[in-house]
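Trainee: I should like to learn how to read the features of a structural model. May we work through one together?

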Amino acid sequence: MSYIDISGLQFTYEDLVMRFDVEVEQGEVMAVIGPSGAGKSTLLALIGGFETPQAGRILIDGVDITSLAPDARPVTTLFQDHNLFAHLSVVQNVGLGLHPGLRLSAAEREQVAWALGEVGLTGFEDRLPGQLSGGERQRVAIARCILRKRPVLMLDEAFAALGPALRREMLQLVLSLKVQNGLTVLMVTHDPADAAFAAGSTSFIAAGQVVLSGPTAAVLASTNPAIRDYLGT
C-alpha cells in the first residue's frame, strides 16, 4: 500500500463527475498537472477535507481520513493567496499556525523561531507583510505550514504568481524542507517545467479523471493525445 492511497474518490461539480485514483509514496514529490477546470485543485480540496466526496476513500499511512475534519488531517495546504494579515508582524502571522489567538507558550515561540530559521527569515520577525518582497511573503506562508508539522504538504498553484527565477527558488526551498522534515508533497502546477524540476512523479488530470500517473519524465513524454494537446507538442 502506498503512503497516500486515493481510490474511487468521486465528486460532482456542476455537470462534471470527477473520479480520482492516485497513489503517492512516502517522501515523494508528486506534481498534479492538466488543463484549467480539470479537477486538480478539487483533488487537493478533497484530500484536505475542504470538499466532501460522494464515494471513495483517502488513506494516509494506512489510516482512513475520508470523514475527518480538515484540522484533524495530517495535511497542510499552501495556496497562491498566502493569506497573510497585513496588520500582523511576520512572527505573528507564523504563530497563527499554532494558535488563532496568538496566545503562545515559550516553547511555541521557540517553534515559531525554528520555522522562520528553516525558511531563512531569522531577523524578519517584526516586519509587516507590506515590507516584504513577494518571495519573502511566500517564505512566511511556508514557515506557517511547516510549523504545523503535518507530514503531507500540498501546494495549490502556490508559486504561480512568481517569476521563473523566484518560482525555482521557492521550489528548491520546498525540496530542502521535504528532506529536512520528512515531508510528502503534492503540487498542483500549470507549468510542466515545475514538475520536471521538482517532482519525481506526476499525475495528469483531464475532465476530472487521472489520465496517466507515473515518473514525471515518462508522463511528460507520453504519446497520450490529451497530454500532447496540453503540452502543445
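Mentor: Let us begin with a single residue, I33, which is found in strand β3 (residues 29-33). Helices (H or I, at least four residues) and strands (E, at least two) are DSSP runs, numbered from the N terminus. This is a predicted model, in which local features need pLDDT of at least 70, side-chain atom pairs count only at pLDDT 80 or more, and totals for chains, interfaces and linings use all residues. Residues are numbered from 1 along each chain as its sequence is written, and side-chain values use heavy atoms, with hydrogens and water left out.

Trainee: Is I33 buried or exposed?

Mentor: Buried means under 20% relative accessible area, exposed over 50%, and partly exposed in between (1.4 Å probe, protein chains only). I33 has 1% relative accessibility and therefore counts as buried.

Trainee: Which residues is I33 in contact with, leaving aside its neighbours within four places in sequence?

Mentor: Contact means heavy atoms within 4.5 Å. With those neighbours set aside, the partners of I33 are K40, T189, A195, T202, S203, F204, I205, L220 and Y230. Sequence separation can also be set against distance: I33 and A206 are 173 residues apart in sequence, yet their C-alpha atoms are 8.7 Å apart in space.

Trainee: K40 is among those contacts. Which residues are buried in α1?

Mentor: The buried residues of α1 are K40, T42, L43, L44, A45, L46, I47 and G48. Helix α1 (residues 40-48) is largely enclosed by the rest of the structure, because 8 of its 9 residues are buried. G49 follows α1 and has a positive phi, near 90°.

Trainee: How many salt bridges does the structure hold?

Mentor: A salt bridge is a side-chain nitrogen of Lys or Arg within 4 Å of a carboxyl oxygen of Asp or Glu. The structure holds 4 of them. One of these joins the side chains of E169 and R139 at 2.8 Å, N to O. That pair links distant parts of the chain, with E169 in helix α5 (residues 164-181) and R139 in helix α4, 30 residues apart. E169 is partly exposed, with a relative accessible area of 37%, whereas R139 is buried at 16%.

Trainee: Which residues are joined into one network by salt bridges that share partners?

Mentor: Consider first R167 and D191, whose side chains meet at 2.6 Å, N to O. R167 lies in helix α5 and D191 in the loop between β8 (184-188) and α6 (192-198), 24 residues apart. R167 is buried at 13% relative accessibility, while D191 is partly exposed at 23%. R167 also forms a salt bridge with D194, the closest N and O atoms being 3.1 Å apart. Because D194 lies in helix α6 and R167 in helix α5, this pair ties together parts that are 27 residues apart in sequence. D194 is buried, with a relative accessible area of 8%. Shared partners thus join R167, D191 and D194 into one network.

Trainee: Which classes of residue line the largest pocket?

Mentor: Ala, Val, Leu, Ile, Met, Phe, Trp, Tyr, Cys and Pro count as nonpolar, Asp, Glu, Lys and Arg as charged, and the others, Gly among them, as polar. The lining of the largest pocket has 9 nonpolar, 6 polar and 4 charged residues.
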